[in-house]
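Visitor: Please take a close look at the charged pairs in one part of this structure, and then say how that part compares with the place where the chains meet.

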Amino acid sequence: MWKYITQRILLMFMTLLIITAICFVLIRLLPLPLLPAQDPHTEVVLMEREALGYNKPIPVQFGIFLKNVFTKFDWGVSDKLYIGRDVAAIFADKLPATMIVNLYSIIFSIPIGIILGIFAALKKNTWIDHTISTLTMVVISVPSFVYAFIIQYIFYYKLGLLPALMNSGKDYFTWSMFKSMLPAVMSLSFGVIAGFTRTTRAELTEVLTSEFMLLARTKGLTKTQATVRHALKNCMVVVLPSIFGAFIGILGGSLIIERIFSVPGVGSLYLNSINGPDYPLFTMLTVFYTSIGLLAGIVVDISYSFIDPRIRMGSKK
Amino acid sequence: MENEFENIPKELFEFAQLNEVLHDKKMDTKARGYFADAFLRFKKNKSSVVAAVIIAFLVLFSIVSPLISPYTINDKDGIYQNYPPYVEGFAEKGSGILNGGKVLASQNEEALDKWKAVAKETGMDPVNGIVGTEEVESKHRGQTVISKYYKLELNQYYAVGIRTQTFSYEEFADIQRFQDETGIQVIYPWVEAKDIENITDASIWYKVKDAKGTALKDANGDWIPAYSSNSEIEGAPYTSHRIDGDPGTWIYSVRKSGAVSCRFSYYNYYIYKNGHAPHYLFGTNVMGQDMFMAIGVGARFSLLFAVMVSAINLFIGTIYGAIQGYYGGKIDLVLDRIADVLSGLPFIVCVTLFQLHLSNKVGVVPSFLFAYVLTGWIGMSALVRKQFYRFKGQEYVLAARTLGASDKRLMFKHIFPNSLGTIVTSCALVIPSVISSETNMTYLGIVDLSSFAGTTIGTLMSQGQSVATTSPHAMVFPSIFISLLLISFNLFGNGLRDAFNPSTRGMED
C-alpha cells in the first residue's frame with residue numbers, strides 16, 4: 001500500500017516538474033512587457049529580473065527559479081498588474097475568497113446531490129427517476145454561464161433579493177458578504193449537485209441489482225435495512241473519493257463564475273494574469289492549477305485504494 | 001520427410017464434398033451488419049431520435065439563418081444596439097411579440113407626453129402600452145405634491161424618434177431624392193434650441209413652458225410646433241416634400257462647416273440606408289448586429305470546428321492507442337507517460353500558451369486548433385488501447401498472425417474494427433465537449449475569433465452578459481441555442497452508446 005502511494009506521489013511530482021519546465025520555457029521565451037518609466041516599482045522589477053537571471057540562458061533561469069521556489073517559496077514579483085508586489089503574497093491574498101465560495105457550494109450541494117441520487121436509484125424507472133435523470137443530464141450539458149445569467153436575472157433583477165456582484169473586502173463571515181456570495185455559490189452548485197446525483201444513481205443502481213443484495217433480502221432484512229447497511233456502503237466506494245476530489249477542487253474555483261460575479265479570487269486573478277499579461281503571476285498560477293489537477297486525481301485514486309483495497313488505480317494489471 | 005508433402009501433384013487433390021447435399025437449412029432472413037443492428041436499436045430510443053432531429057434543425061438553422069437574414073456580420077448599426085426583437089408591423093398589431101418593446105419604469109407625465117408627441121410628429125407611436133402607474137407623494141414647500149409615474153412598454157425602435165446629425169450635401173440631396181421616390185419622410189423641420197428653453201433633446205418639436213420639457217398646449221390640448229422659420233439660418237436647398245401643416249417657411253437644415261445638420265427620423269433614415277425596415281427576429285447585440293444571423297454565424301463556426309477537432313483527435317488517438325495497445329510493454333509504458341504528462345496540463349494554459357506563441361505566426365484559429373489537438377486525443381487513445389488489449393490475444397488474431405499477416409494488417413484490419421463502436425460513440429460525445437469548451441474560451445475572451453469567424457456563441461454571450469439585466473434577449477437567445485445544442489448532442493451521444501454497446505445501457509458516464 002505505502003509503496004503504491006509513494007510511487008504515485010513520486011510520479012506526480014515528476015509529471016509536475018516536466019509540465020512546469022515546459023511552461024516555464026515557453027513563458028520565458030515570450031517578449032517581456034514594457035515597464036512604466038516613471039513608476040518607482042520599475043527599479044524593483046528590474047533588480048528582481050537581474051537576480052532571476054533574465055539575461056542568462058533559460059536552463060540557468062529555470063535552476064534559479066526552482067531554487068527560489070524550494071528554498072524561499074519565492075515566485076518572483078509581478079511586473080504588470082500588481083507591479084513590484086510579491087506574486088506569492090498576491091496569490092495568498094486571493095485564495096480565501098475562492099475557497100470560501102467553493103466550500104459553501106460543495107457543503108450545500110454534495111448532500112443534496114447524494115440524496116437525489118439515492119432517491120432516483122431507489123425509484124428506478126419511475127417518473128421520479130426519469131425527472132431527476134433528465135434534469136441531471138440537462139444541468140450537466142448546459143454551460144455554467146447560462147445558470148449564472150438565470151440566477152442573476154431572477155434573484156437580482158426580477159426579485160431584487162440578492163446583489164448582482166460579490167462585495168469586495170475581506171470580511172468573509174458577515175451576513176451581507178454571505179448574501180452577496182449566494183449567487184456565485186448557487187451557480188457553482190448546479191454542476192456539483194448534478195455530478196453527484198449522477199454518480200450516486202449509477203453506482204447505487206448497479207449495487208442494488210447485485211446478488212449480495214438478494215442474499216441480504218433472503219436473510220430477512222427489510223428493504224430499508226438492506227439498502228442502508230449493504231447497498232449504500234458499497235456505493236460510497238465510488239462516491240467518497242469523488243467527494244475528496246471535490247474538496248481539492250475548491251482551491252481552483254471556477255474562472256467563469258468568478259468573473260461573472262466578480263469574486264475576488266484565484267480564478268479571476270488567473271484570467272487577469274493572462275489578459276495582462278503578467279508572466280510571473282501566470283507562471284505561478286499555471287503551476288498551481290496543474291498541481292490542483294494532479295492532486296485531485298491522485299487523492300481520488302489513493303482514497304479508492306484505502307476504501308476498497310482491491311482497487312489499485314493505475315497500477316500494473 | 002517434409003519435402004514429401006511439398007510436391008503433391010494437383011490431380012491427387014479431390015473435393016471433400018462436391019456433389020453432396022447439405023442438410024443445413026438455408027437462412028431466409030437477410031444478414032444484418034453491426035451498424036444496421038445498432039441503427040435499429042438507436043431508432044427505438046425515442047429521446048435520442050428527438051435529439052437527432054433537434055441537432056439537424058440547429059445545424060440547418062446555422063446554415064440558413066445567415067442566408068435568409070437581410071443582414072451580414074458586417075452590418076453594425078450605430079443606434080439599434082442591444083435592442084429587443086422587432087419585425088415591422090408587429091408593434092401596431094398589439095400582439096406583444098416582436099414589437100421591440102422594453103419596459104421602462106419611472107416615466108413621468110412629461111416623458112409620456114413627449115412619447116405622444118413623437119408619435120404625432122413621426123406617425124410612429126413608441127408606446128406599446130402602459131404597464132402600470134404609481135403615485136408618489138412628496139413634500140414641496142410644505143405642500144404635499146402627488147406626482148404620477150408610469151411604467152411604459154416602449155418600442156425601442158420608434159423611441160429613438162428624431163435625432164440630429166450632420167450630413168454631407170450629397171447625402172442630404174440623396175435623402176431628398178429617396179423621399180420623393182418613396183414618400184417616406186426622413187428629414188423633419190429644424191428646431192432651434194433657443195426656442196425650446198435650450199433643451200438638447202432632438203425629439204422635442206413643440207413649444208415648452210420650462211426646461212423640464214413640459215409642453216405648452218393650445219386651447220384644443222394640441223402641441224404648438226416650435227419649428228424654426230428663421231430665414232437668417234443658412235441651410236442646404238430643400239426641394240422635397242414638406243410635412244403636414246408646413247406654411248412653407250419652416251427650414252429643414254442648418255449649415256455646419258461645409259456640411260449640413262438636420263433633424264431626421266432615425267427609423268426612416270434606417271430604411272433609406274438599408275433599403276428595408278429594421279428586421280431583427282432575435283434583437284440586436286451590443287455592436288448592433290442582427291442576433292438571428294450572428295447566432296447562425298457563430299454556431300456554424302463552432303460546429304465546423306468541433307467536427308474538425310474530433311476528426312483530427314480521432315485519427316491521432318486511434319493510431320496512438322493502437323500502437324500502445326498492440327505492442328504493449330515498454331512502448332506502452334513510455335507512451336503512457338507522455339500521455340499522462342500532457343493530460344496533466346490544464347487546458348486553459350495550453351490554449352493561452354499557443355495563443356501567445358503561435359497566433360501571430362499561423363493565425364488565431366490554427367493555434368486554437370493545435371491547443372485542442374495537443375491534449376484532445378488522449379481520451380480516444382485510452383479507449384482504443386483498452387480495446388486492443390482486449391482483442392489482441394484472441395484466437396482469430398493468432399490465426400491471422402499464423403497466416404502471415406503483418407502488424408499493420410493485424411492492427412487495422414483485424415483488431416481495430418472491434419473498437420469502431422466505442423469510437424463512434426465517443427466521437428458523438430467529444431463534439432459537445434469541444435463546443436462547450438470553445439464557447440467557454442471565447443466567452444472568457446482568452447481567444448478572440450471575431451476577426452476570423454465574425455463572431456462566436458461565446459463572444460455573443462459575453463457581450464450579452466454585460467447587459468444581461470437590461471437587455472436579457474441578448475443573453476437569452478444564444479443561451480437557448482447553446483443549451484439546446486449541447487443537451488441534444490449529449491442525448492444523441494448517449495443513445496448512440498446504448499445502440500453500439502447494448503451491454504452498457506443505462507449507465508451514465
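Guide: B:Arg337 has a relative accessible area of 25%, so it ranks as partly exposed. The model is a predicted one. The partner of B:Arg337 is B:Asp340, and their side chains form a salt bridge with N and O 2.7 Å apart. B:Asp340 is partly exposed as well, at 32% relative accessible area. Both residues belong to helix 10 of chain B, and because they are 3 residues apart there, about one helical turn separates them.

Salt bridges that share partners also tie B:Asp174, B:Arg177 and B:Glu181 into one network. Within that network, B:Arg177 and B:Glu181 are joined at 2.8 Å, N to O. These two lie 4 residues apart in helix 7 of chain B (residues 169-182), so they too are separated by about one helical turn. B:Arg177 is partly exposed at 39% relative accessibility, while B:Glu181 reaches 57% and is exposed.

Helix 10 of chain B (residues 329-344) also holds B:Asp332, which pairs with a distant part of the chain: B:Arg385, 53 residues away in helix 12 (residues 364-391) of chain B. The closest N and O atoms of this salt bridge are 3.0 Å apart. Both B:Arg385 and B:Asp332 are buried.

Over all chains the count of salt bridges is 12, but across the interface of chain A and chain B it is 0. Polar contacts there amount to 5 residue pairs, with both residues at pLDDT 80 or more. On the side of chain A that touches chain B, 29 residues are nonpolar, 7 polar and 5 charged. Helix 1 of chain A gives the largest share of that side, 8 residues.

The interface brings 41 residues of chain A into contact with 38 of chain B. About 3,400 Å² is buried between the two chains, and carbon and sulfur atoms give 72% of this area. Of the area that chain A buries against chain B, A:Met137, A:Phe145 and A:Phe149 supply 18%, more than any other three residues.

Disulfides do not link the chains either: the count over all chains is 0. B:Cys350 shows why, as its sulfur is 8.7 Å from the closest cysteine sulfur, that of A:Cys23, which is too far for a bond. B:Cys350 is buried, with a relative accessible area of 3%.

How values were computed. Residues numbered from 1 in each chain as written. Chains lettered and ligands numbered in written order. Predicted model: local features only at pLDDT ≥ 70, side-chain atom pairs only at ≥ 80, totals over all residues. Heavy atoms only, no water. Contact = heavy atoms within 4.5 Å. Buried area = accessible area lost by both parts, 1.4 Å probe. Salt bridge = Lys/Arg side-chain N within 4 Å of Asp/Glu carboxyl O. Polar contact = N/O pair within 3.5 Å; in protein donor to acceptor, adjacent residues only side chain to side chain. Nonpolar A, V, L, I, M, F, W, Y, C, P; charged D, E, K, R; others polar. Disulfide = S-S within 2.5 Å. Buried < 20%, exposed > 50% of the residue type's maximum accessible area, 1.4 Å probe, protein only.
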